[in-house]
Amino acid sequence: MSGLPARPTPVIRPSLIPMFVFTTPRNGSTTITPAIMQVGTVEQQRRYLILSLLQTDGLARDDFARRFSADSVDVFPQLNMLEVCGLAIVTPERVQLTAAGLERSDAIGPWLYSSAVRQRM
């Protein structure tokens with residue numbers, strides 16, 4: 001022990017998402033500014049969905065329901081489209097990307113972004 005007080009662990013509220021804002025003035029130099037984006041419940045659900053779905057284990061539907069009091073497939077009907085295209089398997093327990101879905105995960109994640117988030121990027 002060094003005798004210094006312990007550093008507090010930073011707490012990130014789920015409704016606040018750290019992000020960076022990139023601006024390029026006419027002179028061509030890019031400025032990167034840290035920012036915080038306040039998000040509502042639907043954006044929190046979407047973020048949870050994307051982060052979970054892109055993992056090999058996929059999204060546990062009961063975890064989503066416990067956290068948000070809603071079924072992920074009802075909130076995001078796009079998940080059924082992934083299944084129809086052979087990119088995901090939707091069961092009562094989970095939504096999991098297939099091998100083909102995992103190969104295309106770099107496209108699936110952004111496809112699930114909301115228009116509001118796309119505009120801020």
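How far apart should the ends of H1 be, given its 13 residues at 1.5 Å a residue? The expected span is 18 Å, and the end C-alpha atoms lie 18 Å apart, so the two values agree. This model is predicted.

**Helix H1**

Helix H1 covers residues 41–53. Its buried residues are Glu43, Gln45, Arg46, Leu49, Ile50, Ser52 and Leu53.

**Helix H2 and its buried face**

Helix H2 runs over residues 61–68. Its residues Arg61, Phe64 and Phe68 are buried. Look down the axis of H2: the buried residues fall within an arc of 60 degrees, so they line one face of the helix. A general rule helps here. An α-helix has 3.6 residues a turn, so residues three or four places apart point the same way.

What do the buried residues of H2 pack against? Their partners are helix H1, strand S3, helix H3 (72–75), strand S4 and strand S5. Just after H2 comes Ser69, which takes a positive phi of about 55 degrees.

**The aromatic cluster**

The model has 4 aromatic pairs. Ring pairs link Tyr48, Phe64, Phe68 and Phe76 into a cluster. Two of the pairs are described below. A pair of aromatic rings is described by the distance of the centres and the angle of the planes.

| Pair | Type | Centre to centre | Angle between planes |
|---|---|---|---|
| Phe64 and Phe68 | tilted | 4.9 Å | 50 degrees |
| Phe64 and Phe76 | edge-to-face | 6.4 Å | 80 degrees |

Phe64 and Phe68 both belong to helix H2. They sit 4 residues apart, about one turn of the helix. Both Phe64 and Phe68 are buried.

The pair of Phe64 and Phe76 spans two elements. Phe64 lies in helix H2, while Phe76 lies in the loop between H3 and helix H4 (78–84), so the pair ties together parts that are 12 residues apart in sequence. Phe64 and Phe76 are both buried.

**The sheet**

In what order do the 3 strands of the open sheet stand? The order is S3-S5-S4, and the pairing is antiparallel. Strand S3 (59–60) and strand S4 (88–90) are the edge strands, and each pairs on one side only. In general, strands of a sheet pair through backbone hydrogen bonds, either parallel or antiparallel.

Start with S4 and S5. Strand S5 takes in residues 94–97. S4 and S5 pair in the antiparallel sense over 3 bridges. Val90 has Val95 in S5 as its bridge partner. Ile89 is bridged to Gln96, also in S5. A hairpin of 3 residues joins S4 to S5.

Now the other side of S5. S3 and S5 run antiparallel and are joined by 2 bridges. Leu59 stands opposite Val95 in S5.

**The two faces of S5**

Which residues of S5 point to one face and are buried? They are Val95 and Leu97. Arg94 and Gln96 point to the other face and are not buried. This fits a general pattern: in a regular strand the side chains alternate between the two faces of the sheet.

**Putting the parts together**

S5 is one of the elements that the buried residues of H2 pack against. Within those buried residues, Phe64 and Phe68 also belong to the aromatic cluster.

Definitions and conventions:
Residues numbered from 1 in each chain as written. Predicted model: local features only at pLDDT ≥ 70, side-chain atom pairs only at ≥ 80, totals over all residues. Heavy atoms only, no water. Pairing = 2+ DSSP bridges. Buried < 20%, exposed > 50% of the residue type's maximum accessible area, 1.4 Å probe, protein only. Arc of directions from axis to C-beta. Contact = heavy atoms within 4.5 Å. Phe/Tyr/Trp six-rings, centres within 6.5 Å; stacked < 30°, edge-to-face > 60°. Expected span 1.5 Å × (residues − 1).
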